[in-house]
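Open the model in your viewer and keep the sequence panel visible. The stops below say what to select and what is there.

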Amino acid sequence: MNRRGMTASFRGSFSQLCTYIIVFMSMFVMFCSFNKNSLGTVCIVLTVCLFLLNFKIKDALDMLPFMAFSAAVLVLLYLSGNASERGYNAPINHALKFIYLAYTVALSVGMRKLENAYKIVVLKGTLASIIISVLISLYNVIRVDKYAIRYYDERGFSNVVSFNQFYGICLVLCIMIFVLITWHKKYKVGKYIIFCMILLVCIGLSLYVTGVLICAFGIALGIFVNKYNQGKTKVAMWAIAILIALIFCFIFVNQVSDWIYKITEPLNYILRDRLRSVAEKVFRANFNMAYSYDRREELAGYSMNAFKQHPLFGVGYNGYGYGVIGCHQEWQDLLGVFGLVGTAIFIMLMLYFVQMTKNTIIQKHDLHSFYIAVVLFIILGFLNPCLSLPVLCAVFIISPNLSLIIPWWKD
């Protein structure tokens with residue numbers, strides 16, 4: 001099927017047409033609008049639709065465990081009597097994460113049912129929605145207020161990316177940078193490092209320090225994987241260079257801390273204070289900071305204390321609330337809410353999803369992209385909530401299919 005035929009008419013079955021529409025609209029909207037609680041209901045309906053449209057024994061085995069887990073979580077939420085609470089720390093926000101996971105699995109099944117020509121349209125549409133969101137957000141930052149992205153709720157801004165969308169976009173950027181690094185070996189990595197530094201500065205304007213850290217680590221991971229493919233000797237050289245740099249930093253801690261202090265001084269107070277807070281942790285410097293990452297340790301402590309008191313099954317949603325569960329670091333919160341038993345079930349589901357996704361990947365480079373995305377996903381869960389539609393979509397749908405929209409890709 002050529003592209004002209006694809007745009008003129010859809011030659012597949014009616015069920016495949018419906019699948020294509022659902023997958024395309026879902027992935028476009030999740031990056032181009034806010035994640036509201038009401039979206040959970042939409043996800044349930046569309047998940048069931050995708051399930052019915054593609055009902056086969058294999059698909060049922062792939063989707064039913066996640067749907068069963070989501071149903072069990074909703075039952076626990078309903079029985080707890082806390083389902084009516086609202087706000088950032090509301091238990092319903094925690095329960096919806098598993099609805100989003102089941103929805104992502106359904107989208108993944110829907111994607112693999114589509115022909116490559118339609119997958120390409122879905123991926124290009126998703127990237128278009130990311131570009132639209134970013135441009136609107138940058139317009140608000142440049143023309144309206146430099147705090148527009150971060151404080152859109154308090155200041156009444158609209159049409160800017162939310163936290164979840166931002167971190168999903170960061171993961172997509174890391175994957176795309178890996179593509180650039182592996183594209184045409186004649187280009188030197190140094191050129192990409194310069195490009196990446198510029199990108200990190202642009203991300204820093206958003207005031208999401210976690211996004212800067214995730215992107216920096218993702219870029220480093222992409223360079224490492226690329227060098228490993230080229231030869232283990234180059235990997236060893238890079239590793240030695242990084243080790244020497246780290247040794248220098250820890251030997252001359254005061255000098256490095258002074259450099260960090262001077263470099264961050266011109267930045268706005270949020271980005272400046274958070275970067276200095278990270279530097280305190282890494283270099284044991286003393287900027288007299290008590291900021292975001294200290295606060296995150298406190299929030300994580302709430303969840304871990306709940307886990308220690310109820311190690312097997314957690315506090316559930318009966319005892320859920322601020323001061324009991326931190327509602328921020330995903331994996332600590334998971335232990336606090338569901339304990340060892342629930343967390344073990346969730347880990348098995350995620351391992352199954354990773355294996356299921358890996359088995360559908362043909363291109364070696366897509367497999368590397370997927371592994372990089374999974375690593376970033378795990379790291380993000382220790383810093384922020386990561387079970388959101390944009391992040392899950394970036395990891396399990398975009399990264400395994402990226403080579404489809406890169407016509408110059410060569411093994």
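The tour goes from model confidence to one helix and then to a single leucine.

This is a predicted model, in which local features need pLDDT of at least 70 and side-chain atom pairs count only at pLDDT 80 or more, while totals for chains, interfaces and linings use all residues. Residues are numbered from 1 along each chain as its sequence is written, and side-chain values use heavy atoms, with hydrogens and water left out.

Colour by pLDDT (the predictor's confidence in each residue, from 0 to 100). The protein has a mean of 76, and 66% of its residues reach 70 or more. Helices here are DSSP runs of H or I, at least four residues, numbered from the N terminus. Confidence is highest in helix α15 (residues 330-358), at a mean of 93, and lowest in helix α1 (residues 3-8), at 44. Select residues 1-8: pLDDT is below 50 there, and beyond near neighbours in sequence the stretch has 9 contacts in the model (heavy atoms within 4.5 Å). Where pLDDT is low, the predicted coordinates should not be read in detail.

Next, select residues 57-80, helix α4, which has 24 residues. Look at M63, where α4 bends by about 35° (the angle between axes fitted to the seven residues ending there and the seven starting there). A proline, P65, follows within four residues. Buried residues of α4 include M63, F66, F69 and L77 (buried is under 20% relative accessible area, exposed over 50%, partly exposed in between; 1.4 Å probe, protein chains only). Just after α4 comes G81, with a positive phi near 80°.

Finally, select L213 in helix α10 (residues 209-230). L213 counts as partly exposed because its relative accessibility is 31%. Add L380: the two C-alpha atoms are 9.5 Å apart, though L213 and L380 are 167 residues apart in sequence.

How values were computed:
Helices (H or I, at least four residues) and strands (E, at least two) are DSSP runs, numbered from the N terminus. The expected span of a helix is 1.5 Å times one less than its number of residues.
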